[in-house]
Amino acid sequence: MARATTDNRVRKNITRTARPFSEKYGPYALVAGGSYGLGAAFAEGIARRGVNLVIVARNREALIATAARIREAHGVDVITIAADLSDFDDVKKRVTGLGLDIGLLIYDAAFVPIGSFAEATEDQLSAAAAVNVRTPLLMTRLLSAPMIERGRGGIVLMSSLAGGQGSPNLATYAATKAFNTILAEGLWKEFTPLGLDVLVCTAGAILTPGYEQAESARPAPGTMSPTAVAEQTLNALGDGPVVVPGAVNKIGRFLMTRLLSRRAAIGIMSKNTGGLS
Ligand SMILES: NC(=O)c1ccc[n+]([C@@H]2O[C@H](COP(=O)([O-])OP(=O)(O)OC[C@H]3O[C@@H](n4cnc5c(N)ncnc54)[C@H](OP(=O)(O)O)[C@@H]3O)[C@@H](O)[C@H]2O)c1
């Protein structure tokens with residue numbers, strides 16, 4: 001048994017050594033939400049591994065600044081698309097218009113309606129469904145099709161510890177994150193035999209502008225830097241279906257999803273999120 005485990009580990013390392021990151025996931029990676037925070041850290045980590053980039057976000061200036069910084073530091077091509085990911089049809093048109101071989105999709109962007117569900121507007125709920133569910137779903141279909149034809153590629157969907165159980169005052173966001181976890185798990189099994197690596201990153205708190213701007217956000221135990229989360233995730237590509245960056249978060253997820261009853265897990269989550277407004 002021990003021998004078999006060692007053999008498997010060696011075989012995996014050989015496979016990785018034989019196929020460098022840029023060969024498996026290049027020549028271009030698309031980071032949806034790649035202008036700042038975690039998305040920019042993903043873009044930086046991918047560029048460091050020698051893969052060209054397409055980065056998508058709404059703010060054109062932030063995109064251009066990030067693209068220039070990455071080009072300068074890593075000498076890769078960085079194409080920017082200033083677009084709202086809630087409009088999949090527009091994003092699809094602009095991505096397919098590039099005519100590029102995209103070998104890696106990182107879907108990072110999210111819309112986070114914070115506060116009581118009763119007070120959420122239809123616009124907020126629709127935006128969460130569009131940015132966090134509809135677009136990652138359709139984008140995964142759009143970009144996985146040519147990857148399947150090539151017999152190689154990778155897909156990373158961003159989820160959250162909040163998506164492991166109901167999260168009061170973050171209920172919609174948490175539910176959209178649960179969707180991404182379950183989608184990635186299913187696709188991991190479907191796509192692995194076709195040569196694609198699918199991974200869901202179930203992150204705890206990350207010090208991004210988005211996190212810092214959340215009005216009542218209290219620093220949670222195990223809070224990580226965007227770079228640490230991006231690196232642990234990129235290093236886990238091929239070891240799916242799930243990566244939980246950080247030791248504290250690994251323990252937290254095990255406790256919340258495996259050991260505690262659903263009621264107890266929701267109760268604990270509520271202590272962190274119940275006061276959000
Ligand atoms: N931060 C945390 O503590 C934490 C914890 C667990 C999981 N996560 C997950 O990690 C991911 C990143 O989270 P974050 O909130 O911290 O964000 P972030 O990485 O700081 O930035 C979000 C990125 O997405 C872009 N973006 C947001 N909405 C967009 C839209 N509608 N269309 C196009 N681009 C859009 C932003 O640029 P523009 O604003 O210019 O569009 C920015 O580039 C999310 O999926 C989140 O669920 C975060």
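Colleague: What makes serine 35 a polar contact of the ligand in this predicted model?
Modeller: A polar side-chain atom of serine 35 lies 2.7 Å from an oxygen atom of the ligand. The cut-off for a pair of N or O atoms is 3.5 Å, so the pair counts as a polar contact.

Colleague: And what about tyrosine 173 and glycine 33?
Modeller: With tyrosine 173, a polar side-chain atom sits 2.5 Å from a ligand oxygen. For glycine 33 we look at the backbone instead: an N or O atom there is 3.5 Å from an oxygen of the ligand. The protein covers 92% of the 880 Å² of accessible area that the ligand has on its own.

Colleague: Which residues around the ligand come nearest?
Modeller: There are 30 residues around the ligand, and Ser35, Arg58, Asp108, Tyr173 and Thr208 come nearest. Helix H3 (37-48), strand E5 (153-160), helix H7 (171-191) and helix H8 (209-213) each supply at least two residues of the shell.

Colleague: Why is arginine 49 said to sit over the ring of phenylalanine 21?
Modeller: Its charged end is 5.5 Å from the ring centre. The rule asks for CZ of Arg within 6 Å of the centre and within 35 degrees of the ring normal, so arginine 49 over phenylalanine 21 qualifies.

Colleague: Which element has the lowest mean pLDDT, and which the highest?
Modeller: Helix H1 (residues 2-18) has the lowest, 44, and strand E1 (residues 28-32) the highest, 99. Over residues 1-17 the pLDDT is below 50, and this stretch has five contacts in the model beyond near neighbours in sequence. The chain averages 92, with 92% of the residues scoring at least 70.

Note on methods:
Residues numbered from 1 in each chain as written. Predicted model: local features only at pLDDT ≥ 70, side-chain atom pairs only at ≥ 80, totals over all residues. Heavy atoms only, no water. pLDDT = per-residue confidence, 0-100. Helix = DSSP H or I, 4+ residues; strand = E, 2+ residues; numbered from the N terminus. Contact = heavy atoms within 4.5 Å. Near = heavy atom within 4 Å. Polar contact = N/O pair within 3.5 Å; in protein donor to acceptor, adjacent residues only side chain to side chain. Areas by Shrake-Rupley, 256 points an atom, 1.4 Å probe, with all protein chains shown as cover.
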